[in-house]
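User: I have a model open and want to learn how to read its features. Can you take me through it step by step?

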Amino acid sequence: MSYQVLARKWRPRTFHELVGQAHVQRALVNALDQGRLHHAYLFTGTRGVGKTTLARILAKCLNCTANGRGDEGITSTPCGQCDSCQAIDEGRFVDLIEVDAASRTKVEDTRELLDNVQYAPTQGRYKVYLIDEVHMLSTSSFNALLKTLEEPPPHVKFLLATTDPQKLPPTVLSRCLQFTLKHMPPERVVEHLTYVLGEEHVEFDESALWLLGKAAEGSMRDAMSLTDQAIAFGQGAVRHADVAAMLGTLDHRHILGLAEALADVDVQRLLGEVAQLAEQGPDFAAVLDELSSMLHRLAVAQMVPDAVDNSHGDRDIILQLASRFTAEDIQLYYQIGIQGRGDMVHAPDLRSALEMTLLRMLAFRPQGVPKPPRTPLPLRREPSETAATQASVVEAASPAPQSAPEADTPSEAPPPESQSKPPAEPQPQASVPAAEEKPPLQEPPPWTLETDTAASEIDAPQQAAEPAAMAEPERANEPEPTVTPEPAAGAETVEPTTAEAPTAQPGALSEASPETQSEAIPETVPEALSGKLDNAKWLECFDSLGLGGLTRNLAGNCLVESDDGTLLTLRLDPSQEAMQAEVHQTRIERALKEQGIPRRIAFYVAELSNSLETPRQREERLNKERHAQAVDLLNHDPHVQKLQQAFGAKLIESSVKPADAIR
C-alpha cells in the first residue's frame with residue numbers, strides 16, 4: 001500500500017460522506033433542494049478539512065444529468081455515474097475551471113480568466129470557477145474580479161476557498177455566502193480512522209490512532225496522510241510504538257506516570273520517570289509543558305467533568321486521577337510548573353530544571369489544606385445539594401456523642417468539677433500579689449500616648465507582660481498572661497492537703513507536655529466554664545486557648561451552635577468555609593483539652609446570627625472602643641493642644657496604633 005492511497009480512495013464523493021461538517025451540509029442541501037442558489041460561495045477553514053472537496057461536490061450537484069439536463073435536474077445527491085459526475089471526479093470536466101490563486105496572483109492572469117466568463121458552458125449546466133487560496137490574489141486582481149463577482153452571467157457560479165478569510169477585501173466578502181468548516185477534534189479523527197482501517201482490514205492500536213489524531217491538528221487530510229505513512233512504517237499495521245517513533249512525539253504515558261507520582265507523593269518514582277524520559281532524549285521543556293497541560297485538564301475535571309478535553313483518549317484516566325488531588329494542590333502545581341517553565345532559561349541544564357520543578361511541587365503545600373477530596377467530583381455543587389449535604393452532616397454529627405468512648409469521659413470530666421470548688425477559697429491567699437496587679441491587666445491602656453499621664457499607665461502592664469512573652473510567645477496577647485503559673489505553684493506549696501488536684505490532673509492531660517500541664521491545670525479554668533459551653537462562655541475562654549495564625553482566625557469567626565458535653569458544634573461564617581481543615585480542628589480540640597474542657601469539634605457552615613458576637617467581632621469592637629478612647633485622650637491632652645495652637649498641627653487618627661503593635 002503506497003503513500004497517499006487512503007487519502008485519495010476515501011475522498012468524499014457526496015455531502016453525506018463529508019466528515020464533521022454537518023452544518024454546511026445541511027445549508028447546501030436545503031438550498032439545492034429548494035432551488036435557492038447563490039452565484040458565489042466562500043468556504044473557509046484550516047487546511048485539510050474539506051473546502052476544495054466540498055466545492056467539487058457542489059459542482060457535481062449543479063451539473064449532474066441523472067434527473068435531466070434542464071434546471072430541474074439540479075440535485076443535492078449527485079449520482080456519480082453520469083458523464084458529468086465522472087468527468088468532475090477525474091478532473092477532466094471542461095466547465096469546471098480550477099484556479100490556484102497562489103500561483104496566479106497577477107492581474108493579467110485574472111483578466112485572462114474572466115475573458116471567457118461571458119461564454120455559455122460547453123458540457124455542463126453551469127460554468128463553475130473554483131478559486132483555491134483566493135486570499136493570495138493581489139489587490140488589482142480583486143478589483144478586476146469584483147465587477148464580475150457582483151453581476152455574473154446566470155450560467156456562472158464562483159466557488160472560493162481560503163484558509164485566511166481576514167485577508168479578503170470586505171467588498172468581496174459582502175458578495176459571497178460564507179461557510180466556515182469546523183476544526184476536526186481528535187475524537188472525530190479517531191472515529192473516522194477506526195472506520196477506514198476496519199474497512200481496509202488493517203490492524204491497529206487505538207492508542208496509536210489517538211497519537212495520529214493529535215498530530216493531525218484538526219486536519220482530516222493530514223490524518224489520512226499520516227495513517228498512510230504509519231501503515232508503511234509499521235509494515236501493514238498501525239502500532240503505538242511505531243507511530244510514536246515515526247512522529248517523534250513525547251509518549252503521553254510518561255506524563256501520566258509523572259502525574260500519578262505527584263498524586264502519591266512518591267519522589268523515587270517521580271525521578272525514575274524523569275530518568276526513563278532522559279533515555280529517549282526528549283525536549284524537557286516540552287515535558288513540563290505537557291505536564292502543565294495535564295494539570296489544567298485535572299482542574300477542569302474536578303470542576304466540570306463533562307468538559308474534560310479528550311484529545312489523548314484518556315478521559316476516564318483523568319477523571320480517576322483528578323479525585324486523588326486536592327484543588328489547592330493542582331492550582332499550586334500548575335503555578336509552579338508555569339514558573340519553572342520560565343526559569344528553564346537560567347538553569348544549568350534542562351533536565352535538572354525539570355527535576356527541580358517537580359521536587360518543588362512536592363516540597364511546598366498550601367497551609368491548612370485537608371487530605372485528598374472527601375466528596376465526589378465535581379467539587380462545585382448546586383446550592384440545594386450543598387445545603388442538604390451540610391444539614392445531613394449536622395444531623396449525623398449530633399447523635400455521635402452517645403457513642404463516644406466511655407473510658408475517657410469519666411476520667412476527664414469529673415476532675416474539673418471536683419477541683420473547681422476547693423481551690424476557690426485558698427486561691428486568693430496564694431496569689432495576693434497577683435490580685436493586686438489584676439486591675440491594670442484587665443483594662444490595660446489600649447494605645448501608646450506621648451503624654452506623661454499615659455506613660456505612667458503603660459509602664460505597669462508592660463513590665464507585667466514581658467515575663468509571659470518570654471516564657472511563651474503565643475500567649476503574649478492573653479488578658480492575664482502572668483496569673484496562670486502562680487496558682488500552679490500555690491496549689492503545690494500552699495495546699496498540700498488537697499490530694500485531688502495533683503492526682504487527677506495527670507490523667508486528664510496525659511498527652512500534654514510538662515510545660516503545658518503547668519499552664520492548663522483545672523484551677524485556671526473559671527468555675528463558670530466547667531459545664532456546657534454557650535456563646536458567652538466561648539467568648540470568655542477564647543483568649544486563654546492560646547490559638548494563633550490561621551487556627552485563631554478560623555475559631556474567631558465561629559459561634560457556639562450546641563454543646564452536649566462531648567461534642568462542641570461551632571457555627572462557621574460562610575466566608576471562612578475554605579479555611580476548614582483537620583489540622584485546625586485538631587489544634588482547637590487540643591487547646592480546649594489543655595484548659596480542662598475536653599471536646600470534639602464539628603463545624604456547621606451557616607449565616608451567623610446578628611444577636612450574637614463572635615470572638616473576632618468582639619475583638620474588633622473592643623479595638624474600636626480603645627482607639628476612640630485613645631484619640632479622645634490625645635485630643636484633650638494639653639501638650640497636643642499646645643502643638644495644635646502653635647503650629648496648626650492636626651492629629652491623624654489613623655496613625656494611632658495599639659501599644660502591643662509598637663513594642
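## Reading the model

Analyst: Start with the surface. The chain exposes about 35,000 Å², and carbon and sulfur atoms supply 51% of that area. Keep in mind that this is a predicted model.

User: What percentage of the residues is buried?

Analyst: Buried residues are 42% of the chain's 663 residues. For contacts, look at separation along the sequence. Take the contacts with a separation of 6 or more: 74% of them join residues 24 or more positions apart.

User: How many helices and strands does the chain have?

Analyst: There are 32 helices and 10 strands. To read a sheet, take the strand order, then the pairing, then the edges.

User: What is the strand order in the sheet of 5 strands?

Analyst: The order is S2-S3-S4-S1-S5, in an open sheet with parallel pairing. The edges are strand S2 (96-100) and strand S5 (177-180); each has a single partner strand, so one side of each lacks a neighbour in the sheet. From one strand to the next, the twist averages 15 degrees.

User: How many bridges join S2 to S3?

Analyst: S2 and S3 run parallel and are joined by 5 bridges. Take leucine 96 as an example: its bridge partner in S3 is valine 128.

User: Which helices pack on this sheet?

Analyst: Two to look at are H2 and H3. Helix H2 (residues 22-34) touches strand S1 (40-44) and S5, and its direction makes about 150 degrees with that of S5. Helix H3 (residues 51-63) touches S1, S2, S3 and strand S4 (156-162). The direction of H3 makes about 180 degrees with that of S3.

User: Now the sheet of 3 strands. Which strands are at its edges?

Analyst: Order and pairing come before edges here too. This open sheet has the order S8-S9-S10 and mixed pairing. Strand S8 (558-563) and S10 are the edge strands, each pairing on one side only. Here the twist averages 30 degrees from one strand to the next.

User: How do S9 and S10 run, and how many bridges join them?

Analyst: Strand S9 (residues 567-572) and S10 run parallel, with 6 bridges between them. Leucine 572 has valine 605 as its bridge partner in S10. Helix H27 lies across S8 and S9, and runs at about 125 degrees to S8.

User: How do I read a pair of aromatic rings?

Analyst: Use two values: the distance of the centres and the angle of the planes. A search of the whole structure gives 5 aromatic pairs. In one case, the ring centres of tryptophan 538 and phenylalanine 542 are 5.7 Å apart and the planes are at 65 degrees, so this pair is edge-to-face.

User: Where do tryptophan 538 and phenylalanine 542 lie, and are they buried or exposed?

Analyst: Both lie in helix H27 (residues 535-542), 4 residues apart, or about one turn of the helix. Tryptophan 538 and phenylalanine 542 are both buried. Elsewhere, Tyr41, Phe43 and Phe179 form one aromatic cluster.

User: At what angle do H28 and H29 pack?

Analyst: Read the angle together with the axis distance. Helix H28 (residues 549-556) and helix H29 (residues 582-594) pack at about 80 degrees, with axes 10 Å apart. The two are therefore roughly perpendicular to each other. H28 contributes Leu550, Thr551, Leu554 and Ala555 to the contact. H29 contributes His584, Arg587 and Ile588.

User: Let's try one residue. Where does leucine 612 lie?

Analyst: For a single residue, ask about location, exposure and contacts. Leucine 612 is in the loop between strand S10 (600-605) and helix H30 (615-636). Its relative accessibility is 37%, so leucine 612 counts as partly exposed.

User: What is leucine 612 in contact with, beyond its neighbours within four places in sequence?

Analyst: Its contacts are Asn535, Leu559 and Gln617. Asparagine 535 is 77 residues away in sequence, yet its C-alpha is 7.6 Å from that of leucine 612.

User: Last, backbone angles. What is phi at glutamate 133 and valine 265?

Analyst: Check the sign, then the residue type. Glutamate 133 has a positive phi, near 50 degrees, and is a residue other than glycine. Glutamate 133 sits in the loop between strand S3 (127-132) and helix H6 (139-150). Valine 265 is not a glycine, but has a positive phi of about 55 degrees. Valine 265 lies in the loop between helix H12 (252-264) and helix H13 (267-279).

Terms used
Residues are numbered from 1 along each chain as its sequence is written. This is a predicted model: local features need pLDDT of at least 70, side-chain atom pairs count only at pLDDT 80 or more; totals for chains, interfaces and linings use all residues. Side-chain values use heavy atoms; hydrogens and water are left out. Buried means under 20% relative accessible area, exposed over 50%, partly exposed in between (1.4 Å probe, protein chains only). Contact means heavy atoms within 4.5 Å. Accessible areas come from the Shrake-Rupley method with a 1.4 Å probe; for residues, only the protein chains shown count as cover. Rings of Phe, Tyr and Trp (its six-membered ring) pair if their centres lie within 6.5 Å; planes under 30 degrees apart count as stacked, over 60 as edge-to-face and the rest as tilted. Two strands pair if DSSP finds at least two bridges between them. Axes are lines fitted to C-alpha atoms, for helices over the stretch in contact, and angles run from 0 to 180 degrees between N-to-C directions. Angles under 35 degrees count as roughly parallel, over 145 as roughly antiparallel, 65 to 115 as roughly perpendicular and the rest as oblique.
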